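Please open the model in your viewer and keep the selection panel at hand. The tour below moves from one selection to the next and says what is there at each stop.

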Amino acid sequence: MTGVGGGIANLEPLEQAREQKAWYFYDWANSAFATTVSGVLFGPYLIAIAEEAAVDDRVSVLGLDVAPGALPAYVVTFSTLVSAVLLPLLGAVADRTSRKKDMLAGFAWAGAFFAGLLFFMSGDNWQLGAITFVLANLCFGASAVFNDAILPLISSESERDRVSTRGWAYGYAGGGLLLALNFVLVSLHDTFGLTEGMAVRISLLSAAVWWAAFTLIPFRGLRNHPPAHVEHVEGGVVQRSFGQLWATLKDMRNYPVALTFLLAYLFFNDGIQTVISQASVYGVEELGFPQGTMLGVYLLVQFVAVGGALLFGRVAARRGAKSTILGGLVVWMLIVTAALFIPEESLLPLVALGVAIGVVLGGTQALARSYFSLLIPRGKEAEYFSFYHAMERGTSWFGTLVFGLVYTFTGSYRPAIFALIVFFVIGGLLLLRVDTARGIREAGNEVPAVI
């Protein structure tokens, strides 16, 4: 193909658009694990299996007696804390390799393999479930580091918000679709000639297969981009990666805007994650709804979040990511305030609250990812995103701790859910202090037309 005047046409934009479409499908792929496994089925099923093995209503975990009902929380906490330690080291390796898409796929397929082993969790073998979930969750976090690090490589600064929000929308669509199918399978297990336990095990396996199968699309469609602007460090790959990590830790003070945003993100994201994780408990225990109703609301949130993520991308294109995120945080404040007053067993207000959560859920998280990518230096995308994920996971217990303490002192989930407003207020105030243009310039990136 030739361009005007006989020159060779620039095909890079077309190639980049093709990579973006392939990249969207990793969110579609891994959301199956996040929703069907982590979000809904793993915890209750692990409790049921552990109860079969319990002696005097306790199981032994590393010599400690633990109630089966507390086991999922301990497993998730252990997994997130381990990943908070390992992910920064992984990010240091990632920035020094050109094989980011290979590493993305490798960790995804390893995670899907471990998630698939959950199918064999039956009888009283809860230990298999706990170990394989930890390994799958670690691989999930590792693949997310590479996935986010690829975003700046396949999009310009002005495209970043659109690409990130579209990927998030794909994730909610894919995760919601599989969860809906599994909801039918588990709810109507007798119709399919299955026990409830077998229906759950098949659903867990389906998430692993979905994750592995759809990862083929980004693996085939993405290119491996050579590392850029990587500082020279002596030694082998592991030694160089540790050296790079140490250099980045010292160098982070040169990017105060990125650090300020990271701190803001830790607060408001912790509020978001706690609302999502405790919403089912709030609906069942405080509002008196059956678990099936809350699962239906969870599905509603998933599908509304598809449109919400796309909507936030459009708004950000006109108003800038920072302003759009701040608007989303205001809506989150209104959500937890409304939850304080929602009547018991009143379905319409609950549905309205679920719609509101869906609108802001995907948008705020997707824009946070793209906004942060503008504030980090080239050549260190994976390393900074590894800190992004590690700090997110390492501090994700603050919100649940506040929620639990307020409930303990008041005996009600209403003030506990409302107390989370402090995370959105602090996160918003810190975000107001972020000088977007300065942060982009300090990182050496191009300033988009709208910030």
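## Starting at valine 134

In this predicted model, select valine 134 and display its surroundings: leaving aside residues up to four places away in sequence, valine 134 touches Val75, Phe78 and Ser79. Valine 134 belongs to helix H4, and with a relative accessibility of 12% it counts as buried, because the cut-off for that class is under 20%. If you add threonine 77 to the selection, you will find its C-alpha 9.5 Å from that of valine 134, although the two residues are 57 residues apart along the chain.

## From H4 to H3

Keep H4 (residues 126-150) on display and add helix H3 (residues 100-116), whose axis comes within 8 Å of the axis of H4 and crosses it at roughly 160°. That angle makes H3 roughly antiparallel to H4, and the crossing of the two is left-handed.

To see the contact itself, colour the H3 side, which includes Met103, Leu104, Phe107, Gly111 and Phe114, and then the H4 side, which includes Leu135, Cys139, Ser143, Phe146 and Ile150. Sorted by type, the residues of this contact comprise 13 nonpolar, four polar and two charged.

Now select H3 alone and check its length: its 17 residues should span 24 Å at 1.5 Å a residue, and its end C-alpha atoms are indeed 24 Å apart. Among the buried residues of H3 are Lys100, Lys101 and Asp102, together with Leu104, Ala108 and Ala115.

## H9 beside H11

Next, select residues 256-286 for helix H9 and residues 321-341 for H11. Packed helices are described by the angle between their axes and the distance between those axes. For H9 and H11 the angle is about 30° and the axes are 12 Å apart, so the two helices are roughly parallel to each other, and their crossing is left-handed.

Which residues of H9 and H11 meet? On the H9 side they are Phe268, Ile272, Val275, Ile276 and Tyr282, and on the H11 side Ile325, Leu329, Trp332, Val336, Ala339 and Leu340. The residues of this contact divide into eleven nonpolar, no polar and no charged.

With H11 still selected, its 21 residues can be seen to reach 31 Å from the first C-alpha to the last, close to the 30 Å expected at 1.5 Å a residue. The buried residues of H11 include Lys322 and Thr324 as well as Ile325, Leu329, Trp332, Val336 and Ala339.

Return to H9 and pick out glutamate 285, which is in that helix. Is glutamate 285 buried or exposed? Its relative accessibility is 53%, so it counts as exposed. Serine 412 is 127 residues from glutamate 285 in sequence, yet their C-alpha atoms are 9.4 Å apart in space.

## The loop after H11

Follow the chain out of H11 into the loop that leads to helix H12 (347-374), and stop at glutamate 345. Most residues other than glycine have a negative phi. Glutamate 345, which is not a glycine, has a positive phi of about 50°, and its relative accessibility of 59% makes it count as exposed.

## Last stop: H16

Finally, select residues 421-432 for helix H16, where twelve residues should span 16 Å at 1.5 Å a residue and the end C-alpha atoms are 17 Å apart, which agrees. The buried residues to highlight in H16 are Ile421, Phe423, Phe424, Gly427, Gly428, Leu430 and Leu431.

Methods
Residues numbered from 1 in each chain as written. Predicted model: local features only at pLDDT ≥ 70, side-chain atom pairs only at ≥ 80, totals over all residues. Heavy atoms only, no water. Helix = DSSP H or I, 4+ residues; strand = E, 2+ residues; numbered from the N terminus. Expected span 1.5 Å × (residues − 1). Buried < 20%, exposed > 50% of the residue type's maximum accessible area, 1.4 Å probe, protein only. Axes fitted to C-alpha atoms, helices over the stretch in contact; angles between N-to-C directions. Parallel < 35°, antiparallel > 145°, perpendicular 65-115°, else oblique. Left-handed = near helix turned anticlockwise from the far one by under 90°. Contact = heavy atoms within 4.5 Å. Nonpolar A, V, L, I, M, F, W, Y, C, P; charged D, E, K, R; others polar.
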